Number of protein chains: 4
Amino acid sequence: MDTLGVGLIGTGYMGKCHALAWNAVASVFGDVARPRLALLCDAKEPEARARELGFVRATQDWRELVKDPRVDIVSIATPNHFHADMAIAALQNGKHVWCEKPMATALADAGRMRDAARASGKLAVLGYNYIQNPVMRLMRKLIAEDAIGAVTHVRVEMDEDFMADASAPFSLRNERSSGYGAADDFMVHELSLIWSLVGPVSRVSGDMAKPYADRTLPSGARRAVETFDIANAFLRLKNGASGVMIANRAAWGRKGRIAVQIFGAQGSLVFDQERMNEVEMFTSDGDPATRGFRRILAAPLHPPYGKFIPAPGHSLGFNDLKVIECREILGRLRGEQTLLIDFETGYEIDRTVHAIAESHASGGWIDLS
Amino acid sequence: MDTLGVGLIGTGYMGKCHALAWNAVASVFGDVARPRLALLCDAKEPEARARELGFVRATQDWRELVKDPRVDIVSIATPNHFHADMAIAALQNGKHVWCEKPMATALADAGRMRDAARASGKLAVLGYNYIQNPVMRLMRKLIAEDAIGAVTHVRVEMDEDFMADASAPFSLRNERSSGYGAADDFMVHELSLIWSLVGPVSRVSGDMAKPYADRTLPSGARRAVETFDIANAFLRLKNGASGVMIANRAAWGRKGRIAVQIFGAQGSLVFDQERMNEVEMFTSDGDPATRGFRRILAAPLHPPYGKFIPAPGHSLGFNDLKVIECREILGRLRGEQTLLIDFETGYEIDRTVHAIAESHASGGWIDLS
Amino acid sequence: MDTLGVGLIGTGYMGKCHALAWNAVASVFGDVARPRLALLCDAKEPEARARELGFVRATQDWRELVKDPRVDIVSIATPNHFHADMAIAALQNGKHVWCEKPMATALADAGRMRDAARASGKLAVLGYNYIQNPVMRLMRKLIAEDAIGAVTHVRVEMDEDFMADASAPFSLRNERSSGYGAADDFMVHELSLIWSLVGPVSRVSGDMAKPYADRTLPSGARRAVETFDIANAFLRLKNGASGVMIANRAAWGRKGRIAVQIFGAQGSLVFDQERMNEVEMFTSDGDPATRGFRRILAAPLHPPYGKFIPAPGHSLGFNDLKVIECREILGRLRGEQTLLIDFETGYEIDRTVHAIAESHASGGWIDLS
Amino acid sequence: MDTLGVGLIGTGYMGKCHALAWNAVASVFGDVARPRLALLCDAKEPEARARELGFVRATQDWRELVKDPRVDIVSIATPNHFHADMAIAALQNGKHVWCEKPMATALADAGRMRDAARASGKLAVLGYNYIQNPVMRLMRKLIAEDAIGAVTHVRVEMDEDFMADASAPFSLRNERSSGYGAADDFMVHELSLIWSLVGPVSRVSGDMAKPYADRTLPSGARRAVETFDIANAFLRLKNGASGVMIANRAAWGRKGRIAVQIFGAQGSLVFDQERMNEVEMFTSDGDPATRGFRRILAAPLHPPYGKFIPAPGHSLGFNDLKVIECREILGRLRGEQTLLIDFETGYEIDRTVHAIAESHASGGWIDLS
């Protein structure tokens with residue numbers, strides 16, 4: 001059997017996104033074999049979900065899926081606390097793993113996942129799909145080619161408003177057991193971008209804050225919020241650049257904002273995920289009287305945009321990023337050099353987030369080397 | 001056989017877009033049966049293309065495809081001058097037809113297509129996918145619900161730059177036989193939006209222009225350009241509103257701009273296809289000191305966005321619009337009231353464009369009633 | 001007496017703006033003598049207004065002002081129907097004239113003004129201050145230096161919303177005697193920009209529309225609106241470019257929008273008066289993968305911005321444009337080549353507007369040569 | 001003598017700005033007596049400068065100016081290290097003082113200035129003109145009226161690029177004696193906005209960075225840069241909100257950016273000084289499907305905009321802010337409650353900046369109470 005057999009665990013937000021990607025990747029790219037959608041696992045009505053999403057078989061038991069001989073790669077898109085057990089079992093059964101971010105809720109789990117990946121020799125990657133945006137890849141290429149000179153300063157903000165409603169009741173997301181809050185929800189994304197665009201982080205200083213001290217319980221009583229909807233960090237990158245990272249999941253009006261500003265010795269790049277088909281670039285050359293940030297629209301000149309649409313300025317969508325990620329995985333499996341965040345880098349990202357939270361508690365800089 | 005058998009003719013820009021849509025629609029929506037990708041027709045290497053795009057069989061002969069009993073609906077995505085013959089043959093063979101715009105190159109052909117559709121009793125729709133954008137549907141809904149009052153003025157600009165290079169050689173697009181130019185390339189789209197948002201056009205006055213008088217032939221000689229890369233029109237709508245429509249395919253820097261401005265007695269709506277996940281709305285209520293155009297980001301509250309992504313502000317792409325159009329077709333086939341531009345309205349759109357061109361020649365208003 | 005004596009008639013919106021300009025021009029520019037604010041004329045409380053605005057004397061009689069030997073130049077900022085008599089009297093008395101736009105309400109009056117200017121040999125200019133914007137001057141310079149190649153298409157929209165409220169009572173602005181409506185209110189500005197940036201107009205075709213057919217009288221009855229809050233025009237420029245001009249004074253949410261788009265054979269320029277310190281430029285050179293509209297912020301490199309502020313990106317305001325216009329007048333009076341719209345060009349602008357209105361009635365193109 | 005006698009020291013960037021404001025304030029506002037421009041002091045050619053700027057007399061000796069009986073208020077717009085001596089001398093001579101920011105280069109000097117102001121009983125204010133923007137005042141009013149609920153998070157970035165050129169030679173601005181760098185250049189402005197909009201800061205944690213380690217001396221040798229072109233701070237405000245403040249004077253392409261984001265329990269406000277006539281507001285009320293950031297344009301409804309221009313959306317400029325500040329001073333002198341940053345608050349702002357720099361060195365939070 002020469003085509004890749006896919007097993008998918010979970011059919012929620014990102015599970016469906018994986019399914020769409022596995023369905024579309026061969027048609028979009030035309031240079032990879034169509035994967036077999038072999039087995040789908042979901043807790044509820046797996047057969048119906050399999051039918052919907054184009055999988056040929058279904059199960060309610062993920063342990064069965066990770067052992068199934070018709071499965072070559074396991075897409076894991078379940079709640080975060082399941083990631084470690086599933087990924088490790090899949091790797092131990094000789095499967096490749098494509099796991100949604102964040103890697104795990106506890107750093108120790110992320111470490112175990114990384115170790116399992118090392119031991120398996122299999123592909124183990126995380127679903128940091130924002131880095132797959134052709135516009136983001138253009139930024140990466142421009143930086144690598146020195147189009148803005150040596151990077152001196154990086155600024156990333158990620159803001160949404162799903163925790164902004166002060167009158168919403170106390171929920172799981174307000175409990176410490178769910179994580180730190182904005183730090184692990186958002187900063188992992190921000191770090192994936194910084195890693196991909198500029199490189200690793202070497203030192204951090206963190207600050208976290210609670211916009212609302214307490215929330216209402218069903219009883220009517222108030223319970224103290226344990227997580228931090230706001231997180232901020234000072235950064236130093238390995239290349240010497242300074243950075244600031246901000247995350248706020250209580251930012252009214254922001255829906256999917258990931259605002260990236262990268263300043264270099266010869267120019268600057270500016271991006272906002274809410275307008276994911278554009279990047280602004282300033283370069284300090286040419287006539288000073290006509291310099292300015294120029295808005296570059298995503299186009300076939302920015303691979304692999306052209307695989308989706310042959311005309312410029314016609315916009316890819318969020319789900320298309322997963323298709324690109326899927327193609328990167330298929331390429332890696334046949335030996336191509338592709339852009340992915342594997343469990344090694346994923347672990348470093350998680351470690352950085354934990355250091356930020358630790359720094360918040362201790363009040364000083366933490367060295368990551 | 002309970003699922004719909006699909007035949008696709010053409011695998012270029014829009015053909016691939018159809019294929020992606022047929023592939024994705026069941027997974028995205030979850031409430032329609034997965035269509036069978038029965039037969040693909042392409043002039044070159046149809047088998048390879050069928051494999052890539054997930055079709056089970058292939059042919060080089062479109063006449064075979066439109067007769068194939070396993071085909072229930074024919075997607076037509078070939079060069080425009082083939083549309084009429086293919087659509088009519090398909091309809092006469094009892095197939096539904098989903099044909100890319102523009103309907104035909106000659107108005108008489110469009111008329112024959114409309115007549116064939118009438119005679120067949122089959123579904124016959126055109127691929128005016130811009131109207132399927134959830135943001136566009138929000139605009140339509142807001143206008144219908146009187147959120148901006150009675151529409152008084154409509155302004156639509158469509159600009160790209162694929163004909164902007166004055167040094168590009170003389171090509172087919174510069175020949176009269178290819179059509180008028182910007183009028184049929186772009187104004188059909190603009191009219192589909194106006195039709196969908198506000199309603200039909202009743203009178204037009206047109207103006208067309210050539211930015212470059214001639215272009216170079218391979219011999220080095222110059223040949224006069226016969227088409228008009230720029231087209232403008234004054235409009236009167238059936239509802240009484242005035243309008244202006246502009247099209248320019250030689251507009252340097254514009255890549256996919258369709259700028260819509262709709263003014264009503266109580267507010268305004270502004271949209272730009274280059275930022276297809278946003279609409280700006282102004283309403284003349286509330287405190288005058290804090291009024292302003294508000295930027296609304298596409299979100300699950302704007303159906304069917306949520307079928308693609310459960311989070312707001314995460315952006316659909318151009319190809320997703322075709323998936324929505326596909327779902328509208330499937331819905332219509334099972335009796336739902338859905339939003340589509342059929343051959344009746346498509347013919348009216350074509351007729352309007354021809355009237356604009358005629359008015360350019362004659363210099364006055366033309367009544368369409 | 002070596003400094004210029006200024007007489008100002010009218011202290012409303014633009015009268016005050018003139019006074020501020022006369023007050024500021026010497027301090028801002030540092031290279032012109034401080035004008036003497038000799039005499040102010042206003043119908044009500046002229047002494048109080050003179051004190052406020054820094055004039056040394058006051059009168060209620062404009063005929064006295066235009067004869068006053070201490071007055072060398074007359075600023076006319078009264079209601080439009082007074083312009084002709086005042087300007088002609090001032091010129092006949094040997095004064096220079098700086099008159100607010102529009103030139104006159106009747107074309108014949110504008111013609112008499114032009115003739116009086118010719119006969120007098122004095123400076124007679126109109127207050128088309130938008131052309132004085134350093135950003136607009138940059139656009140003019142870029143076009144003149146061929147930075148975007150030969151201009152092929154010009155598009156100008158001017159929109160405000162002071163007539164947008166359908167429930168506002170019938171007023172003078174709805175009477176034919178006040179003019180055509182948007183055509184003379186707004187298109188004169190638009191034409192001043194086109195004239196300044198690209199050159200004169202040679203042919204026009206016009207369309208005017210009424211968003212609201214009638215309005216309420218104090219009696220409660222409805223009276224038919226006689227003016228057109230919306231005006232549109234197709235243009236041909238002397239240089240061969242095509243153009244579209246749109247004006248809407250019933251455009252909810254627009255406050256001072258003058259959106260200019262100029263397309264050339266090598267690039268494009270885009271401007272919006274609501275963001276008057278920016279211009280966007282696209283040029284078709286350099287790496288195609290990083291082309292885009294670049295946002296140029298007003299700066300000292302764009303004269304005479306630096307006379308106001310030595311730092312870039314700090315924004316001039318609307319009133320500063322009048323100070324520049326004032327400096328252009330002072331420069332012209334001492335023989336400099338400066339940028340002003342005199343009564344000759346002003347008459348041509350008015351003639352163009354009248355042709356647009358005439359074309360609306362007759363339904364075809366009108367040649368202006 | 002019933003009008004205020006003005007003495008101005010310095011005629012550079014801000015000195016000219018003061019002069020323009022003193023010249024214009026009476027004409028613009030119409031409700032204050034025209035100040036007498038009594039005496040100007042400049043090191044070079046003071047008479048010529050006085051003539052240009054409308055002052056009746058001139059001197060080269062600032063000590064003479066601060067004692068002159070015809071001077072009631074002293075505008076200080078000299079290099080920063082002169083501020084303390086001049087302001088203290090003026091106050092000790094019974095003059096009011098309007099001093100440009102930053103208050104002083106050393107905190108001790110700022111302390112002496114504050115003490116002198118206290119002892120004098122005279123008005124002593126700093127030129128933090130950004131807070132005077134009608135749009136900024138609207139934001140202040142909206143926050144005070146709870147339009148966005150309790151403020152939970154404040155984010156301010158200030159970026160320019162005058163230090164961005166890595167090849168520029170070593171200069172005074174790179175020496176420690178000139179200050180910390182971005183912290184005192186920019187953060188004083190940012191703090192003036194935070195103070196004015198939300199209130200005082202209670203705790204800070206700082207980080208400063210050098211984009212370029214060294215620069216070239218005339219000899220060709222490299223000298224280590226001693227100042228920090230980048231400064232970042234975590235903040236806690238007295239009201240409990242968290243904040244982040246960023247300053248970068250080596251940010252290519254930024255010219256006058258002061259980006260303010262204020263998040264509250266019911267909405268958000270966003271402002272950018274490069275588009276100083278706009279503010280964006282999001283409120284979490286109304287139909288969720290049509291919520292969005294709305295762009296509010298400066299208008300007469302936002303006092304004192306209407307004193308400059310009676311029409312909305314027509315833009316004030318940077319210099320107009322100084323005219324408003326001047327009016328606030330004149331109002332305060334006659335007992336009105338006006339918005340100004342006096343030497344008391346100015347000292348607190350300086351103290352905060354010094355704490356940020358100290359925290360950078362020490363690595364932890366500093367309490368300002």
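The exercises below work through chain contacts, symmetry, salt bridges and one helix in a predicted model.

**Exercise 1. Describe the contact between chain A and chain D, from its extent to its composition.**

Solution. Begin with the residues in contact, of which chain A gives 45 and chain D gives 45. Next take the area: about 3,200 Å² is buried between chain A and chain D, and carbon and sulfur atoms account for 57% of that area. Within the share that chain A buries against chain D, Arg155(A), Phe234(A) and Trp252(A) supply 22%, which is more than any other three residues give.

Then turn to the polar side of the interface, where 18 residue pairs of chain A and chain D are in polar contact, both members having pLDDT 80 or more. On chain A, the elements that contribute two or more residues to the side touching chain D are β7 (151–159), β8 (201–209), β11 (230–237), β12 (242–248), β13 (257–264) and β14 (267–272). Sorted by class, the residues on that side of chain A comprise 19 nonpolar, 16 polar and 10 charged.

**Exercise 2. Establish how chain B and chain C are related, and where the axis passes with respect to chain B.**

Solution. The superposition of chain B on chain C takes a rotation of 180° with 0.0 Å of shift along the axis, and leaves an RMSD of 0.0 Å. The two copies are therefore related as by a two-fold rotation axis. To place this axis in chain B, look for the C-alpha nearest to it, which belongs to Gly364(B) and lies 2.7 Å away. Finally compare the surfaces that the copies use: 100% of the contact residues of chain B recur in chain C, and the same surface thus serves both copies.

**Exercise 3. Characterise the interface that chain B forms with chain C.**

Solution. The contact brings together 45 residues of chain B and 45 residues of chain C, and the area buried between these chains is about 3,200 Å², with 57% of it on carbon and sulfur atoms. The residues of chain B that lose the most area to chain C are Arg155(B), Phe234(B) and Trp252(B), which together make up 21% of what that side buries.

For the charged component, six salt bridges are found across the interface of chain B and chain C. A salt bridge also joins the side chains of Asp207(B) and Arg236(C), with an N to O distance of 2.5 Å. The side of chain B that touches chain C draws at least two residues from each of several strands, among them β7 (151–159), β8 (201–209) and β11 (230–237) of chain B. By class, that side holds 19 nonpolar, 16 polar and 10 charged residues.

**Exercise 4. Compare the settings of three salt bridges: Glu157(D) with Arg155(A), Glu274(A) with Arg295(B), and Arg334(B) with Glu336(B).**

Solution. As background, the search of the whole structure returns 128 salt bridges over all chains. Because Glu157(D) lies in strand β7 (residues 151–159) of chain D and Arg155(A) in strand β7 of chain A, their pair joins two chains; its N to O distance is 2.6 Å. Glu157(D) has a relative accessibility of 2% and so counts as buried, and Arg155(A), at 1%, is likewise buried.

In the second pair, Glu274(A) and Arg295(B) meet at 3.5 Å, N to O. This pair also crosses between chains, from the loop between β14 and β15 (278–283) of chain A, where Glu274(A) lies, to strand β16 (residues 293–297) of chain B, which holds Arg295(B). Both Glu274(A) and Arg295(B) are buried.

In the third pair, Arg334(B) and Glu336(B) meet at 2.8 Å, N to O. Arg334(B), with 46% relative accessibility, counts as partly exposed, and Glu336(B) is partly exposed at 27%. As a last step, note that salt bridges with shared partners join Arg155(A), Glu157(D), Asp159(D), Arg257(D) and Asp272(D) into one network.

**Exercise 5. Decide whether helix α6 of chain B is mostly covered or mostly open, and describe its two ends.**

Solution. Of the 11 residues in helix α6 (residues 134–144) of chain B, eight are buried, and the helix is mostly covered. The buried residues include Pro134(B), Val135(B), Met136(B) and Arg137(B). At the start of α6(B), a side-chain oxygen of Asn133(B) comes within 2.9 Å of the backbone nitrogen of Val135(B). Just after α6(B), Asp146(B) adopts a positive phi of about 70°.

Terms used:
Residues numbered from 1 in each chain as written. Chains lettered and ligands numbered in written order. Heavy atoms only, no water. Contact = heavy atoms within 4.5 Å. Buried area = accessible area lost by both parts, 1.4 Å probe. Salt bridge = Lys/Arg side-chain N within 4 Å of Asp/Glu carboxyl O. Polar contact = N/O pair within 3.5 Å; in protein donor to acceptor, adjacent residues only side chain to side chain. Helix = DSSP H or I, 4+ residues; strand = E, 2+ residues; numbered from the N terminus. Nonpolar A, V, L, I, M, F, W, Y, C, P; charged D, E, K, R; others polar. Least-squares fit on C-alpha atoms with pLDDT ≥ 70 in both. Buried < 20%, exposed > 50% of the residue type's maximum accessible area, 1.4 Å probe, protein only.
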